[in-house]
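User: I'm new to this one and would like a walk through it. Could you put it up so that I can ask as we go?
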Amino acid sequence: MNLSLTEAAFQRCISRRCGATFAVDEVLTACPKCGHLLDVAYDWDRLPPPKSLAEFEALWADRANPLSFSGVWRFRRLLPFAPPELCVTIGEGQTLLHRADAVARYVGVQPDRLYLQYEGMNPSGSFKDNGMSAAFSHARMVGATTAACASTGNTSASLAIYCAVTRLMRAVIFVGSGKIAYGKLSQALDYGALTLQIAGDFDDAMARVQQVAKQLGIYLVNSVNPFRLEGQKTIMYRVLEALRWEPPDWIVVPGGNLGNSSAFGKAFMELLELGLIRRAPRLAVINAAGANTLYQLYEQQSLRWNRGEPNMTAADRFFGQMDAEGRRASTIASAIEINRPVNLTKCLRALEVCSGVVREVTDQDILDAKAQVGAGGLGCEPASAASVAGAKKLRAEGVIGPNERVVCVLTGHQLKDPNATVAYHTAERTQCEKVLAPYGVTQAPFANRPVAVANDLDEIVRQIQAHSH
Ligand SMILES: *Cc1c(COP(=O)(O)O)cnc(C)c1O
Ligand SMILES: [Zn+2]
């Protein structure tokens, strides 16, 4: 391996008090000294970044090189932990920022002010591929042969597709029972992953996979893996690129395990440190009201990063109470149905770097926003629409101004969870109401209901004429 590279990239404990460092080719998901999360860190003097971000644009023209074609590795000088010959790509990150005027109207900002970063267009249909390409590159550096994750669905779909395409590792997937959208489960099964349905929820699966990974020496690709977050930084590079390197006023992202928000914060922290941008956008992390740990801790209990020493006794008290009361996350946005976000402390850092805010939105808000996104033409799964619902809420509060430029991240594709979509659009009339009512979704103001019609030409013509405007 390239020696200068392994010395200039390393892993570092995020706790300011500890700050222990480890070699880049060690397999760790927490600091062995103090238990905090790890960052991938760089000695930028020895790995000089580009002088200007605009230099990345030239790589678009280099279509013959798969690493320039990848929306992750095109930016590899900002995540230089792996030698190019070990970087893994299956074409991730070729995603676009779309101006969405119809959604802008819904959110309440000026027509040209709202953008959707459409990460559903990744190979497995969610943003997770950005991180998986980076985790796989690290796995290749360390010679791992089996990889595992706990998943609400999209991480497993991503792990499974990378295993199937690259043949670098075998996939072992832990999902909670009955809690996975069929689009996602179908991917894991189709791509041939060993799929274990644990009798429990995501947090139970998460706890087990960490034990099993340790016991069997399996490579863990959940977002506690610091290399995954390096890949997810590139989502923000692509947003900046689409805006000609002018940071927007707001980045709005759904918060589950908080890997994405943490990665975005790290991206901006580094760009500021390197002098490649002059200000960071503000960050809004949106919880579902039924899975609102971050909202509770950050907004209600004022838990802060506090210069690298967050008051974790407050968090521990919160989790202790949650367990004592048997409170479990419940939301139709299954991708963010998480009780204990593993990247909580990193997210607190991101919120500090980006003067962040956290909001919670109801499942009703989420599905209404989702219908608006779909009507605008891109479409997303429920969790993704939390970003749009959150932006609308922040606009109504006056936190987001009408002229501010807002980027909502659409984290997953519309086809991931067809049940939720069909249930919303057919609400009232079918048994699908049973799907929504338990989540407090009682109305479907933007439903596009299918029209039942007899198998009769005149009747069909009459219905088409009755519904044309
Ligand atoms: C994983 C996922 C999320 C949550 O992201 P975190 O990084 O865990 O906060 C949100 N939306 C979708 C579609 C996801 O797959
Ligand atoms: Zn430490």
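User: Let's start with Cys34: is it buried, partly exposed or exposed?
Analyst: This is a predicted model, and in it Cys34 is partly exposed, because its relative accessible area is 35%, which lies between the 20% limit for buried and the 50% limit for exposed.

User: And what does the sulfur of Cys34 bind to, and which residues are the other donors?
Analyst: The SG atom of Cys34 is a donor of the zinc ion (ligand 2), and the other protein donors are the SG atoms of Cys13, Cys18 and Cys31, with the donors lying 2.3 Å from the ion. Cys18 and Cys34 link distant parts of the chain, since Cys18 sits in the loop between strand 1 (9-13) and strand 2 (21-23), while Cys34 sits in the loop between strand 2 and strand 3 (38-42), 16 residues away.

User: How are those donors spaced in sequence?
Analyst: The donor residues of the zinc ion (ligand 2) follow the spacing C-x4-C-x12-C-x2-C.

User: What geometry does the zinc site have?
Analyst: The site of the zinc ion (ligand 2) is tetrahedral, with angles of 95 to 116 degrees among its four donor atoms. For comparison, the ideal angle for four tetrahedral donors is 109.5 degrees.

User: Back to Cys18, is that one buried or partly exposed?
Analyst: Cys18 is partly exposed, because its relative accessibility is 28%.

User: With those cysteines in mind, how many disulfides are there?
Analyst: The structure holds zero disulfides.

User: Why is Cys87 not bonded to another cysteine?
Analyst: The closest cysteine sulfur to that of Cys87 belongs to Cys163 and is 17 Å away, so the distance is too far for a bond, given that a disulfide needs the two sulfur atoms within 2.5 Å. Cys87 is also buried, with a relative accessible area of 8%.

User: What about Cys347, where is its closest cysteine sulfur?
Analyst: For Cys347 the closest cysteine sulfur is in Cys354, at 9.9 Å, which is again too far for a bond. Cys347 counts as buried, because its relative accessibility is 0%.

User: Changing topic, how many salt bridges does the structure hold?
Analyst: There are 24 salt bridges in the structure. One of them joins the side chains of Glu55 and Arg77, at 4.0 Å from N to O. This pair links distant parts of the chain, with Glu55 in the loop between strand 3 and helix 2 (66-69) and Arg77 in the loop between helix 2 and strand 4 (97-99), 22 residues apart.

User: Are Glu55 and Arg77 buried or partly exposed?
Analyst: Glu55 counts as partly exposed at 41% relative accessibility, and Arg77 counts as partly exposed at 40%.

User: Which residue does Arg328 pair with?
Analyst: Arg328 forms a salt bridge with Asp323, and their closest N and O atoms are 4.0 Å apart. Salt bridges with shared partners join these two residues with Asp201, Asp204 and Arg340 into one network.

User: Last topic, which residues make the nonpolar surface patch?
Analyst: Val451, Val453, Ile460 and Ile464 make a nonpolar surface patch of about 310 Å². Val453 is located in the loop between helix 16 (433-436) and helix 17 (457-466), and Val453 counts as partly exposed, because its relative accessibility is 38%.

How values were computed: Residues numbered from 1 in each chain as written. Chains lettered and ligands numbered in written order. Predicted model: local features only at pLDDT ≥ 70, side-chain atom pairs only at ≥ 80, totals over all residues. Heavy atoms only, no water. Donors = N, O, S within 2.8 Å, 3.2 Å for Na, K, Ca; no water. Tetrahedral: all angles 85-135°; square planar, octahedral: opposite > 155°, others 65-115°. Helix = DSSP H or I, 4+ residues; strand = E, 2+ residues; numbered from the N terminus. Buried < 20%, exposed > 50% of the residue type's maximum accessible area, 1.4 Å probe, protein only. Patch = residues over 30% accessible without salt bridge, like charges linked within 9 Å, V, L, I, M, F, W, Y side chains within 5 Å. Areas by Shrake-Rupley, 256 points an atom, 1.4 Å probe, with all protein chains shown as cover.
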